[in-house]
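Hi there,

Here is the structure I promised to pass on to you. Have a look at it first, and then read on for my notes.

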Amino acid sequence: MMLTACHGAQDGGAADKPASASAAQTMARTLSRADVVVARPGVLRDTLPFTGTLTALKSSSIAAEVEARVEQVLVREGEMVKPGQVLARLDSESLDQSVTEQQAQLAANQSRLKLARIKLDKQHELLQKGFISQLAYDEAESEYTVRQGELQAQSSQLARARRQQADSVVRAPIAGVVYERKINPGEIAARNARLFSIADLSVLELSASVPSQWIGQIKAGQQARFSVEGLPDEVLGDVVRVNPVAQSGTRSFLIYIRVNNADGRLKAGQFAKGGLVLHEERGQVVLPQDAVQDLSGHPWVMLVEKGRLQRQPVRVLLWSQTEHKVAVAGLAAGKVLLAAPLLGVSSGDAVILPTDLK
């Protein structure tokens, strides 16, 4: 009977073990997909936000050099032009006549100078023979000098007339797109009046205002990343200049970012919003900012290891407060950890991971 009792007691102990395991399973906290994150390597950038407007690096406004009636306008807004391409023609009849007149006067002055040269040579021979006085020779020499000056002045007037004649044909000074046209055939183009505006959109530039506390971390060559309305992809640019003088009133500094736009997808005047890359980490584990505890002291994360929570120290490589993410070392890729602190749980607690975790 005693053996039977002992045997019965043993059976009761064995029956309690599954009950204890079931109780422990019941006490484990079930985590949702939003509670956990998988450690994965990535790219993290610490950026300084900025906004600005894109402008053409090269642009030109073409004004009328002469006052004349417009005969032809050969381009419209939005058309691409090359350097030296004819944009418009102005009435040059009066200018042509002026060139002809100046050419005739130049020919007359050349003849007078030639005659003065002959007279001077004759007077020199006579002076050598004693047939004339020195005064008579000096008068001939003075006349020759005057004729030389008249010829030079007339040559300058002819050059000016030819330049004005050439200015009646309006040409593009740079390659680019015509974005403004101010004249039409038949109108009178006033001298110095703006006729066309051209912009070269192959290279754009934007200026951004930066707070004074950040200016010491900015230098030429740093990368900028920004987006514009209408384009899904991020655009890259480079800092090319930093204005060393702060703006009055705001005490901020202007930086200038240059963008290659050879494909023409960006347009001048578009509003850009982005960030200047101050520091970048590649290939390191990147976590949400809330997943790392005690960021400013001794940072750590809460791992899920074999169904239990385990505190794991990490080293912060980069803390991007603009992206609310942290790049860390000391944590292997693929590890599962809490995405943020959870109330009522601590290191050593049993947890159950969500079934859809990948």
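**Surface and charges**

The protein exposes about 21,200 Å², and carbon and sulfur atoms supply 51% of that area. Please keep in mind as you read that this is a predicted model. As for burial, 35% of the 358 residues count as buried.

You will probably want to know about the charges too. The protein has 41 positive and 38 negative charges, and the mean positions of the two sets are 3 Å apart.

**Overall dimensions**

What radius of gyration does the protein have, and what would a compact globule of 358 residues have? The protein has 43 Å, whereas such a globule would have a value near 21 Å. The box filled by the C-alpha atoms fits into this part of the story: along the principal axes it is roughly 175 × 50 × 35 Å.

The contacts are worth a look as well. Taking those between residues at least 6 apart in sequence, 75% join residues that are at least 24 apart.

**Strands and sheets**

In secondary structure, the protein has 3 helices and 21 strands. Two groups of strands are described below.

The first topic is an open sheet of 4 strands, in the order β8-β7-β5-β10 and with antiparallel pairing. Which strands lie at its edges? They are β8 (169-171) and β10 (188-189), each of which pairs on one side only. Next to β8 in the order comes β7. Strand β7 covers residues 86-90, and its antiparallel pairing with β8 runs over 3 bridges. If you would like a residue pair to find on screen, V86 has R171 in β8 as its bridge partner.

The other topic is β12, which spans residues 223-228 and pairs in the antiparallel sense with β13 (residues 235-242) over 4 bridges. Here Q223 has D238 in β13 as its bridge partner. Together β12 and β13 form a hairpin, with 6 residues between the two strands. Within that turn, G230 has a positive phi of about 95°.

β12 has a further partner in β15, a strand of residues 271-288: the two run antiparallel and are joined by 5 bridges. Which residue of β15 stands opposite S227? That is K273. So that you have both pairings of β12 in one place, β13 is joined to it over 4 bridges, and β15 over 5.

Happy browsing, and do write back with any questions.

Best wishes

Definitions and conventions: Residues are numbered from 1 along each chain as its sequence is written. This is a predicted model: local features need pLDDT of at least 70, side-chain atom pairs count only at pLDDT 80 or more; totals for chains, interfaces and linings use all residues. Side-chain values use heavy atoms; hydrogens and water are left out. The radius of gyration is taken over C-alpha atoms; the globule rule is 2.2 Å times the number of residues to the power 0.38. Buried means under 20% relative accessible area, exposed over 50%, partly exposed in between (1.4 Å probe, protein chains only). Contact means heavy atoms within 4.5 Å. Accessible areas come from the Shrake-Rupley method with a 1.4 Å probe; for residues, only the protein chains shown count as cover. Lys and Arg count as positive and Asp and Glu as negative; His and the chain ends are not counted. The place of a charge is taken as NZ of Lys, CZ of Arg, CG of Asp or CD of Glu. Two strands pair if DSSP finds at least two bridges between them.
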